[in-house]
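Dear colleague,

Please find the structure below, with the sequence alongside. My notes on one of its sheets follow.

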Amino acid sequence: NNSGWQINVGNTNPYGYPGNNGFGIGTGVGIGNSKALKIGSLGSTIFLIIFGLVFAGFGFLLHSQAKIPASYARTTGQVTQETPTYSTRVSNGISQQIITYYPTISFSVSGQTYTFTGSSGSNRPASTGQTVQVAYDPNAPGTNPKDASDKSANIISPIFMAVGGLLVVFGLYSAIKSKRKS
């Protein structure tokens with residue numbers, strides 16, 4: 001009875017014993033007709049390419065949502081409160097409550113005050129009264145303002161795009177390598 005999947009790269013057995021050339025990743029135990037996913041097979045190639053495209057696409061989506069249009073004006077806003085959101089994480093059968101704080105930010109344009117909730121949360125609340133840079137559409141200041149001080153998506157999105165791109169390249173390399181063998 002085979003249970004689980006293994007991914008084998010290089011000259012290794014499907015169980016990842018130490019001392020091999022290459023490496024193995026696996027949770028299953030099987031002898032004979034194993035469900036090993038071997039790099040170079042059509043299934044693993046398709047998996048790598050699709051997973052890489054999804055990963056890169058997610059990075060691009062993060063980047064495009066965080067990007068501030070050039071037509072947006074900037075002003076100073078102020079954190080007026082922190083809004084907590086609660087979620088539960090279960091690890092090893094132990095349930096743990098996670099609190100993420102999102103800043104509520106107020107800013108004024110031509111005497112009119114606008115308020116929005118920042119898109120990036122933290123496990124520690126920001127200081128009420130803290131000043132932040134706000135980018136807004138001058139034609140509709142209350143529509144989709146952005147916390148211009150938040151640079152987290154600018155750091156994370158290129159990482160997702162790079163890893164996704166590498167997975168696609170590795171999938172294509174795997175496809176070319178398997179074609180040459182046949």
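How many bridges join strand β4 to strand β7, and in which sense do the two strands run? The model is a predicted one, and in it β4 (residues 73-91) and β7 (residues 131-136) are antiparallel and joined by six bridges. Within this pair, Gln78 of β4 faces Thr131 of β7.

These two strands belong to an open sheet of five strands, in the order β6-β5-β4-β7-β8, with antiparallel pairing. Its edges are β6 (112-117) and β8 (146-147), each of which pairs on one side only.

In the sheet order, β4 sits between β7 and β5. With β5 (residues 94-109), β4 is joined by 13 bridges, again in an antiparallel arrangement. Val79 has Ile105 of β5 standing opposite. The connection from β4 to β5 is a hairpin with two residues between the strands. Asn92 lies in that turn and has a positive phi of about 55 degrees.

On the other side of β5 in the sheet order comes β6. β5 and β6 pair over six bridges, in the antiparallel sense. One bridge here places Thr104 against its partner Thr117 in β6. β5 and β6 also form a hairpin, with two residues between them. In this turn it is Ser110 that has a positive phi, of about 50 degrees.

As general background, the strands of a sheet pair through backbone hydrogen bonds, either parallel or antiparallel. For this sheet the pairing is antiparallel.

Regards

Notes:
Residues are numbered from 1 along each chain as its sequence is written. This is a predicted model: local features need pLDDT of at least 70, side-chain atom pairs count only at pLDDT 80 or more; totals for chains, interfaces and linings use all residues. Side-chain values use heavy atoms; hydrogens and water are left out. Two strands pair if DSSP finds at least two bridges between them. Helices (H or I, at least four residues) and strands (E, at least two) are DSSP runs, numbered from the N terminus.
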